[in-house]
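These are my notebook entries on what I looked up in this structure. I begin with the contact between the chains and then turn to the cysteines and one helix.

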Amino acid sequence: MHIINKLKVASLLGVAALTAGGAQAMDIGVMVPTTGSEATYGQDMINAVQIAIDEINEAGGLLGEELAIVTGDDACDPQQAVNAATMLASSGVVGVVGGYCSGSTLPTLQIYGDANIPFVIAAANSTQLIPENPGNAFMINSTGADQATKAVEFLSGQGVETLAIIDQGDAYSQDLASLTASAWEEAGHTVVATETANRGEQDYSAIVTNIRSANPDAVFWTAYFADGGLLIRQLRQMGYQGVIAVGDGSNSPQLFEIAGQAAEGVFAFSNPTAQFIPEAASFIETYQADYGTAPGPYAPLAYDGMKLLASAIEQAGSTEPQAIIDALAAADGFEGLAGPISFTEENTLARSNFIVLEGQGGAWTRAQE
Amino acid sequence: MTAFDVVMQQVVNGLVLGSFYALVALGYTMIFGVIKLLNFAHGDLYMVGGFVGFLVLSAISGIVGAGWTGVAIAMFFSMIAVGCLGVVIERVAYHPMLRAPRLSILITALAVSLVLQNTVLSLTHGQYTAFRSDFGFGGVNLGNLFITYNQMILVGIAAFLMIGLELFVSRTQYGRAMRAVAIDKDMCQLMGINVSGIIAVTFLIGSALAAAAGTMAGAYYGSIWYFMGFLIGLKAFTAAVIGGIGSIPGAMLGGLILGLLESFGTLLPGVGSAWKDVFSFAILILVLVFKPTGLLGKSEQERM
């Protein structure tokens with residue numbers, strides 16, 4: 001047994017020596033869900049990071065080394081995310097890009113913090129992440145607070161005075177609902193109804209009746225598309241004629257399948273998805289050519305995250321973690337697909353990147369703001 | 001809308017919702033009445049009914065359109081298919097268990113529920129399927145009260161099916177046999193009644209009613225998914241217990257009461273819409289504590 005172990009160690013050392021002699025790869029960790037219900041989004045993000053890495057490698061690599069991906073599957077599950085983060089932290093990655101679900105990203109912050117690994121959070125955007133951040137994590141997706149601000153700004157611009165807010169009782173939609181409610185009242189308007197729907201509910205008639213009796217200028221649904229589609233359909237079916245807006249969780253083409261005609265004219269607040277970014281045309285082309293499908297909603301952010309990390313490494317001039325973290329913090333208007341990136345004191349995006357979409361002809365189009 | 005309008009509108013909502021619950025609760029109650037089984041797979045038959053209805057409608061909508069004719073045909077075929085599925089499930093999973101302890105067959109029912117759910121899950125990858133129908137958004141205004149044509153037709157269909165069932169059970173020979181089997185299986189066997197056949201008919205009808213409700217729900221709400229049977233299964237069970245499990249009029253009454261309670265639950269100050277499920281299950285507990293036989297149930301006397 002001992003001899004076998006020693007042999008193993010010896011052979012490992014041998015391999016290490018060999019790779020040290022040749023062209024060494026610089027490993028980048030990508031932590032996203034590749035299994036479970038969110039797996040498709042995770043795969044989109046890996047593909048996008050791969051495109052960024054291919055471009056960097058073709059241009060001669062980084063600090064003279066080739067980049068390679070090490071994938072950690074968090075399955076959108078906090079426990080598995082801790083395993084994935086521990087694995088990435090111990091496998092000597094230079095930095096990590098990823099973080100899709102806020103709930104599973106949260107417990108990994110401490111792990112990357114202890115290992116002092118630069119972590120670029122591409123998609124997760126709960127405001128809960130901010131106080132837990134040890135300082136090495138950078139959020140390049142706007143937070144729920146930014147979305148609430150955008151919602152208030154846009155709806156006020158549409159002449160809306162009275163608002164009804166409906167959430168689904170989970171962390172994401174409740175957070176967005178309460179942030180929006182307080183921002184809306186601060187702006188001098190009134191919230192005339194707040195309702196919470198149960199997940200998986202099919203019948204919204206009771207809620208719709210309460211909404212109609214409160215008669216708000218606009219209804220804001222802060223949860224996901226599947227139930228949102230049913231709600232929108234029933235709102236219109238029962239004669240509600242005001243403005244309907246939905247949060248980024250409802251930005252899905254499936255909303256139109258479920259809500260049908262009723263989704264026409266519905267507004268959605270969304271992260272900049274590739275199809276609405278003129279600068280991303282060549283990215284979409286490469287993505288289509290490489291993977292045969294359209295890039296998903298978080299692909300541009302994952303691509304930006306990788307490019308941002310690479311530029312920070314280059315600026316740091318070494319793979320020393322603190323130098324990279326400092327370079328990230330100093331990012332000043334880094335040009336990403338989704339717009340320029342600079343950070344606040346809290347390592348969140350200095351500028352809200354939310355855009356407003358409008359349902360037209362059974363698909364999302366960019367709304368006039 | 002005045003407060004009165006809101007209340008009246010909630011009555012309409014409650015009646016529509018309640019007629020769905022009642023249709024599903026009927027199957028629960030019939031099966032419990034005949035073989036004393038809480039068929040936890042019943043909500044999933046509702047779900048399968050929605051999917052079969054969807055498939056039939058997709059196949060025929062090119063010919064007859066996706067309006068009421070199409071949905072009626074889809075509902076009819078879904079009722080036949082799911083009714084037969086119910087019979088097969090009874091033959092394969094429940095029949096060998098009829099003489100086993102109650103607990104074994106109850107667990108079998110849970111297993112059947114999981115099999116149905118996961119089969120549809122793997123076929124649909126857990127995605128929501130849009131149930132496209134051409135129902136317009138039209139309706140009738142009565143003052144500030146608004147009732148859509150869909151709601152009226154749905155309640156009409158539900159009432160038609162429930163009255164048909166009541167006539168079947170009270171007026172036909174099969175119905176009489178069904179009631180006899182519910183009272184004493186062994187004695188019926190001795191009297192030359194085909195008990196297995198009666199049980200099969202019960203499953204056929206109960207499952208077909210669930211399928212009708214599932215297809216109607218799909219067409220009305222516009223989307224179906226593999227888990228839609230779970231909550232409605234629980235609600236239908238609750239409705240059946242409130243009305244008195246084993247009693248057919250009780251299931252109808254229980255369904256309507258539950259639908260109305262839920263609609264009004266959202267109006268209570270300080271309770272709000274998030275609590276409406278809590279509210280309906282709290283009523284279940286109250287009924288079980290104060291009138292365990294349900295509103296229309298008869299207490300059974302243990303014979304020694």
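Entry 1, the interface. I counted 12 residue pairs in polar contact between chain A and chain B, both residues at pLDDT 80 or more; a polar contact is a pair of N or O atoms within 3.5 Å, where within protein one must be able to donate a hydrogen and the other to accept it, and residues adjacent in sequence count only if both atoms are side-chain atoms. On the chain A side, the elements that give two or more residues to the surface touching chain B are strand 7 (190–196), helix 9 (205–214), helix 10 (225–237) and helix 11 (254–259), with helices (H or I, at least four residues) and strands (E, at least two) taken as DSSP runs numbered from the N terminus.

I note that this is a predicted model, in which local features need pLDDT of at least 70, side-chain atom pairs count only at pLDDT 80 or more, and totals for chains, interfaces and linings use all residues. Residues are numbered from 1 along each chain as its sequence is written, chains are lettered from A and ligands numbered from 1 in the order in which they are written, and side-chain values use heavy atoms, with hydrogens and water left out.

Which side chains meet in a salt bridge? I found B:K276 and A:E201, at 3.4 Å from N to O, and the count between the two chains is one, where a salt bridge is a side-chain nitrogen of Lys or Arg within 4 Å of a carboxyl oxygen of Asp or Glu.

Entry 2, the cysteines. I found one disulfide over all chains, defined as a pair of cysteine sulfur atoms within 2.5 Å, and it joins A:C76 to A:C101 with the sulfur atoms 1.6 Å apart. A:C76 lies in the loop between strand 2 (66–73) and helix 3 (78–90) of chain A, and A:C101 in the loop between strand 3 (95–98) and helix 4 (102–105), 25 residues apart. The torsion about the S-S bond is about -90°, so I recorded the disulfide as left-handed.

Buried here means under 20% relative accessible area, exposed over 50%, and partly exposed in between (1.4 Å probe, protein chains only). A:C101 is therefore buried at 13%, whereas A:C76, at 25%, is partly exposed.

Entry 3, helix 4 of chain B. This helix (residues 102–124) has 23 residues and reaches 34 Å from its first C-alpha to its last, close to the expected 33 Å, the expected span being 1.5 Å times one less than the number of residues. Its buried residues include B:I105, B:A109, B:V112 and B:L116.
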